[in-house]
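Okay, thanks for coming, everyone. I'll put the structure up and walk you through a few spots in it.

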Amino acid sequence: MNGAAAPERSPSASPPPPAQAQAQAPPSPSPTQPLEWRFSQVFGERSAGEEVQDVDIISAIEFNESGHHLATGDRGGRVVLFERTDVKDHACRKDAEKADYSISRHPEFRYKTEFQSHEPEFDYLKSLEIEEKINQIKWCQAANGALFLLSTNDKTIKFWKVQEKKVKKVSEMNLDRSTAPANGSPGGVGYLSPSLSNGNALKPGGLPLLRLPVVVTNQETSLAASCRRVYAHAHDYHINSISNNSDGETFISADDLRINLWNLEISNQSFNIIDVKPTNMEDLTEVITSAEFHPTHCNTLAYSSSKGSIRLVDLRQSALCDTHSQIFEQHEAPGSRSFFTEIIASISDIKFSMDGRHILSRDYMTLKLWDVKMNSGPVATFQVHEYLRPKLCDLYENDSIFDKFECCQSGDGLRVATGSYRRQLQNPTRATRSLSTLTRAVRRGGESTGIDVNGNSYDLSTKLLHLA
C-alpha cells in the first residue's frame, strides 16, 4: 500500500508540511479550515464498489525542488506528473510554502502527463522475473523549459525528459492529391505528381510553378516524454535508493550491498564507491537500506544500514569509500536486547534537511533527528510505534515488522512527517519542530486487526509507506 499525506493546517502553525498527493482538497474559504482527507489507493475517479487493480497502486512519490511539480510511480511501471496550478510566481518550494500561509486556499495540483517508464523483464541468466514496479523517482535540474527525472525499478534506472512541443501542421499543399500515387506505387511516398491542382502540367526541364508545402506551428502544444538514458546491468541485488548530486552531473544508486556512482551523460559505465559484500557471504551481518547525497556538498553522502547506523562518507578520501568519516548510531540500553532488537533497529529511510545540517531517519519504532556535527546520539526522537512493542511477536508472524516506512520534511525544514498504521493524527512537538504521524492510509491484502495496550483497535493492513 502506498500513499502520501499532509497534516491539517492551523492558524498558528508553521508553513505546511509535505503535501498530500493522493487526496484532492477542495478550495477552502479560509486558511483555518483543515484539509478534507479521502481514502484512495490510486489517482483518478473510481466508481462505487470498483476494485482497485494492483498495478494502479502508487509505489513512489516525489516533489521537485520548487514544489510546483509532483511525480508518482505505480506498480504498473507508469509515471504520472502533476503540476501546481495556484502558485506560479515563486522561485522555490520554501517561498511557496510561506505563500500558502497567507492565501485562503490549499495547494492544488492538476494532471500534467503520464508515460510508461518500465516494462516487465526477465533475467534469463538468473531465471528471475523483474517487476515493472517503480521503486523511486528523483527530479533532476530543469533546463530550457524541459523537466528531467530519474525513475528506477529493481534493476534498471532510466533518465526521462518531459517537454512541451508545439504542434506543427501542413497548412497548404498545391499538389492534387487525387492524381498523386498511393503508397506502395513506384513513385512511393513523397513522389510528386506531374499534374498540379490547377490542372496545368509541369513543363519538361523546369518546375517554375511548384510550391513546397507550408508547415505552420500553431499555439497548440503537446507534452512528450522521451527516455534519454538507460542505466542497467550494474546491480546484482534490488535497487533501494537513487539520489541526485548537487553538482547536477552525477547520481548514486544503491542496493543491499553496493552503491554505484553514475554520470548522467554516461549510461554504460558506473563506479562502485561502496561495497559491503564480505568475501564469505556467511559473514554478512548488515546490508545497505538507504542512501542519499548531501543537498549542497557534492562530495558527501550518507547511507543507512540494517543495524540502525548511519554512515557519512567523503568521496574525496578514496576511490572506494570503505571507511566512513562519521557514524551515527544509538546503542540499546544494557539488558534490553531481544530477538527483535536488530529487526526494529533497521533504518528504512534517511533524508537530509534542506540545509544539510540534520539527517532524518526512520526505523520501525521511531523517527530520529540527527545533527551531522554531533554523532553521540539523536537530538530528537519521536515514538511512532511504541504502542506496538508488546505485539512484536504477532508483527513478526504476519511480516508486518518488516514494513518499510519512509520519512520526509517540509521545504522550510520546520516540520517532518512519517507513515504509520491506523487513521489518527499525532502531533508530538519539540521546540520549533513537530512530528506528524500521518494516517492517510490505503488498504492491501486481508484484514489484520488487533488491540493495542490501551485497548484501542488497530489495523495492520492499512498503512502509509510513501511520502513526499
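Let's start with Phe402, which sits in the loop between helix H3 (392-397) and strand E23 (407-409). Before I go on, a reminder that this is a predicted model. Is Phe402 buried or exposed, or in between? Partly exposed, with a relative accessible area of 42%. And Phe402 has company out there: together with Phe339 and Tyr396 it forms a nonpolar patch on the surface. The accessible area of those three residues together is about 310 Å².

Okay, zooming out for a second. We've got 468 residues in the chain, and buried ones make up 48% of them. In terms of secondary structure, the chain has 3 helices and 30 strands. If you take the contacts with a separation of 6 or more, 54% of them are between residues 24 or more positions apart. The chain exposes about 23800 Å², and 49% of that comes from carbon and sulfur atoms.

Now let's go inside. Here's the general idea: roll a probe the size of a water molecule over the atoms, and you see where empty space is left. How many cavities of 30 Å³ or more does the structure hold? There are 4. The largest cavity has about 80 Å³ of space in it. Among the residues lining the largest cavity are Ala60, Ile61, Glu62, Gln136, Ile137 and Lys138, and you'll also find Lys351, Glu406 and Leu467 there. Strand E1 (58-63) and E7 each supply at least two residues of that lining.

Let me stay on Lys138 for a moment. Lys138 is in strand E7, residues 136-139. So, a lysine: buried or exposed? Lys138 counts as buried, because its relative accessible area is 10% and the cut-off for buried is under 20%. What does Lys138 touch, leaving aside neighbours within four places in sequence? Its contacts are Glu62, Leu149, Leu150, Ile242, Asn244 and Glu292. Glu62 is on the list for the lining of the largest cavity too, along with Lys138.

Just ahead of that strand there's Ile134, in the loop between strand E6 (128-130) and E7. Ile134 is buried, and its relative accessible area is 0%. If you skip residues up to four places away in sequence, Ile134 touches Ser59, Ala60, Gly73, Asp74, Gly77, Arg78, Ser117, His118 and Thr152. Take Asp74 from that list: Ile134 and Asp74 are 60 residues apart in sequence, yet their C-alpha atoms are 5.8 Å apart in space.

Arg78 was on that list as well, and it brings us to charges. In general, side chains of opposite charge can pair when their charged atoms come close. Searching the whole structure turns up 18 salt bridges. One of them is between the side chains of Asp56 and Arg78, at 2.4 Å, N to O. Asp56 lies in the segment before E1 and Arg78 in strand E3 (residues 78-84), so this pair ties together parts that are 22 residues apart in sequence. Arg78 itself counts as partly exposed, at 22% relative accessibility.

Next pair: the side chains of Lys126 and Asp236 meet in a salt bridge at 3.6 Å, N to O. Lys126 is in the loop between strand E5 (121-123) and E6, while Asp236 is in the loop between strand E10 (214-231) and strand E11 (241-244), so here the parts tied together are 110 residues apart in sequence. Lys126 is partly exposed at 45%, and Asp236 is partly exposed at 44%.

Then there's Asp314 with Arg316, where the closest N and O atoms of the salt bridge are 2.9 Å apart. Asp314 counts as buried at 15% relative accessibility, whereas Arg316 is exposed at 63%. Back to Lys126 and Asp236: salt bridges that share partners join those two with Arg258 and Asp275 into one network.

Last stop, backbone angles. Most residues other than glycine have a negative phi. Asn144 has a positive phi, near 55 degrees. Asn144 is in the loop between E7 and strand E8 (147-152), and it's exposed at 77% relative accessibility. His233 also has a positive phi, near 60 degrees. You'll find His233 in the loop between E10 and E11, exposed, with a relative accessible area of 82%.

That's what I had, so over to you.

Methods:
Residues numbered from 1 in each chain as written. Predicted model: local features only at pLDDT ≥ 70, side-chain atom pairs only at ≥ 80, totals over all residues. Heavy atoms only, no water. Helix = DSSP H or I, 4+ residues; strand = E, 2+ residues; numbered from the N terminus. Buried < 20%, exposed > 50% of the residue type's maximum accessible area, 1.4 Å probe, protein only. Contact = heavy atoms within 4.5 Å. Areas by Shrake-Rupley, 256 points an atom, 1.4 Å probe, with all protein chains shown as cover. Patch = residues over 30% accessible without salt bridge, like charges linked within 9 Å, V, L, I, M, F, W, Y side chains within 5 Å. Salt bridge = Lys/Arg side-chain N within 4 Å of Asp/Glu carboxyl O. 1 Å grid on protein atoms, 1.4 Å probe; cavity = no way out; pocket = protein on both sides within 12 Å on 5 of 7 lines; lining within 4 Å. Points joined across faces, edges and corners; volume = space filled by probe spheres on them.
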